[in-house]
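Subject: Structure for you to look at

Hello,

Here is the structure I promised to pass on. Please open it next to this email, and I will walk you through what turned up.

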Amino acid sequence: MAIEFLKRSKSDSEKAEEDAKVRSVVEATLADIGSRGDAAVRDLSAKFDGYTPEAFRLTASEIEAAMQKVSTRDMEDIKFAQQQIRTFAEAQRASMTDIEVETLPGVILGHRNIPVQSVGCYVPGGKFPMVASAHMSVLTASVAGVPRIVASAPPVKGAPHPAIVAAMYLGGAHEILCLGGIQAVGAMALGTETIDPVHMLVGPGNAFVAEAKRQLYGRVGIDLFAGPTETMVIADETVDAELCATDLLGQAEHGYNSPACLITNSRKLADATMAEIDRLLAILPTAETASVSWRDYGDVVLCDTHDEMLQVANDMAYEHVQVMTDRDDWYLDNMHSYGALFLGPRTNVANGDKVIGTNHTLPTKRAGRYTGGLWVGKFLKTHSYQKITTDAAAVLVGEYGSRLCMLEGFVGHAEQCNIRVRRYGGKNIAYGTAAE
């Protein structure tokens, strides 16, 4: 068995240096927002976006004015995408049921799925206004029943981006902010004089937004720790180099540090794909970005067998994993660490990003080993409850509880059990001793 890297990305130590620089900037910025509130947010918006409105929260008339700028075709496309996402999210929500079970006579246990009470949804603007991210966060939170949804996106060319505003509004946002970057997630999480804080932050963003969410985690909940978008193609000779190269570059254009990886058992396909990438980079309009990502963060891994390909893929645990082989369902059955799978040559990551119905906010940086992506369940908290309805059950459980508490040395705990045994069972238990 042999696993050979024909092309390798930057080392982990080089990536760690970049992360450290971002971390210090974010820490100072969040501290400034925490101490100066609206004033800090306004200064940051002016500095990074050249945008200083009277208020960052859009009024109903401003929302309406923005939506009027969206063409009929674009509005129809947004609504189509949202319907696909809503349909899948509603099916996911229906799979999560409250339960109640009587485990012993008179002992009733259950759980309820309760929505998070307020959520801040960040939608990236910048180089690529991510209209689809509004569907993925706002609409999914709405399906979950979140009663207060705040959505924020940076201005584009000095004004709210019309299509993003439309997507936020149609998705069910209760408050829409025209605010970007660290200042947006900081204001939503910490609160300012004019922006009430939320309980949870969700949505993708650049390295600074991702780091801000990481530092804010604990004070608020977050969907997941996110890094630059990642794409992996697992392919054999059933597909050609043009398809593989197109799918790799389609995600590499996200940013200058977007990892893209080809895993194959065909040296011929590997060599041809690398050559095809060079050809496409000469004509791709976003090649300035994609070429840097491919140069610094591109990997080509040659394996002997599908078992080796599976091993490498599970170990790397990429965000998007596109499988185009003679055994796609085998990978579905055996992959365990990834963000989302895209099976077969007819399927592609771009459809998943924009319209097909699954959520595109997914784990990166190997987080797929321990978490999935954003979905309706992320906005729901599963809370248990318990109820004892008979004297006999109170005594039975209380006696076991008393002894187990004393086993651990928790006398006060034991007395919570003992007092019930005394009252509902008429048993004489000396204070501070275990029930018989």
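Let me begin with a cut-off: a residue counts as buried when its relative accessible area is under 20%, as exposed over 50%, and as partly exposed in between. E399 has a relative accessible area of 13%, so E399 is buried. Please keep in mind throughout that this is a predicted model.

E399 belongs to helix α15, which covers residues 391-407. Leaving aside residues up to four places away in sequence, E399 touches V421, K427, A435 and E436. A useful partner to look at next is V411, which is found in helix α16 (residues 411-425). With a relative accessible area of 34%, V411 is partly exposed, because that value falls between the two cut-offs. V411 touches M406 and G432, again not counting residues up to four places away in sequence. The C-alpha atoms of V411 and Y431 are separated by 9.1 Å, and these two residues are 20 apart along the chain.

Now for the overall picture. The chain has 436 residues, of which 50% count as buried. There are 16 helices and 14 strands in the chain. The C-alpha trace spans about 90 × 65 × 40 Å along its principal axes. Among contacts in the chain with a separation of 6 or more, 73% come from residues 24 or more positions apart.

One helix pair is worth a look on screen. Helix α4 (residues 72-95) packs against helix α5 (residues 131-144) at an angle of about 40°, and their axes are 9 Å apart. The crossing of these two helices is right-handed. On the α4 side, the residues that meet α5 are I78, A81, Q82, I85, R86, A89, E90 and R93. Their counterparts in α5 are V131, H135, M136, L139, T140, V143 and A144. By class, this contact has nine nonpolar, three polar and three charged residues.

Helix α4 comes up again in the second largest pocket, which has a volume of about 350 Å³. This pocket is lined by 23 residues, and the closest to its centre are F88, Q92, T358, N359 and L362. Two elements, α4 and β13 (340-343), give two or more residues to the lining. Of the elements, α4 gives the most, with four residues. The lining of this pocket has eleven nonpolar, twelve polar and no charged residues.

What about enclosed space? The structure holds one cavity of 30 Å³ or more. About 50 Å³ of space lies in the largest cavity. The residues that line the largest cavity are L58, A153, P154, P160, H161, I164, V165, M168, I176, L177 and C178. Both α6 (162-171) and β6 (175-178) supply at least two residues of that lining. By class, the lining of the largest cavity has ten nonpolar residues, one polar residue and no charged ones.

Two of the residues that line the cavity, P154 and I164, are also touched by P124. You will find P124 in the loop between β4 (119-122) and α5. Is P124 buried or exposed? Its relative accessible area is 13%, so P124 is buried. Beyond P154 and I164, P124 touches P129, M130, S133, P204 and G205, not counting residues up to four places away in sequence. P124 and P204 are 80 residues apart along the chain, and their C-alpha atoms are separated by 6.8 Å.

Finally, here are two backbone details to check. A317 has a phi near 50°, a positive value in a residue other than glycine. A317 sits in the loop between α12 (306-316) and β12 (320-324). At 0% relative accessibility, A317 counts as buried. R366 is not a glycine either, and has a positive phi of about 70°. The place of R366 is the loop between α14 (349-354) and β14 (380-388). Its relative accessible area is 33%, so R366 is partly exposed.

Happy browsing, and do write back with any questions.

Best wishes

Technical notes. Residues are numbered from 1 along each chain as its sequence is written. This is a predicted model: local features need pLDDT of at least 70, side-chain atom pairs count only at pLDDT 80 or more; totals for chains, interfaces and linings use all residues. Side-chain values use heavy atoms; hydrogens and water are left out. Axes are lines fitted to C-alpha atoms, for helices over the stretch in contact, and angles run from 0 to 180 degrees between N-to-C directions. A crossing is left-handed if the near helix is turned anticlockwise from the far one by less than a right angle, and right-handed if clockwise. Contact means heavy atoms within 4.5 Å. Ala, Val, Leu, Ile, Met, Phe, Trp, Tyr, Cys and Pro count as nonpolar, Asp, Glu, Lys and Arg as charged, and the others, Gly among them, as polar. On a 1 Å grid over the protein atoms alone, a cavity is a set of points where a 1.4 Å probe fits but cannot get out, and a pocket is an open set with protein on both sides within 12 Å along at least five of seven lines; lining residues have an atom within 4 Å of a point. Grid points are joined across faces, edges and corners, and a volume is the space filled by probe spheres set on the points. Buried means under 20% relative accessible area, exposed over 50%, partly exposed in between (1.4 Å probe, protein chains only).
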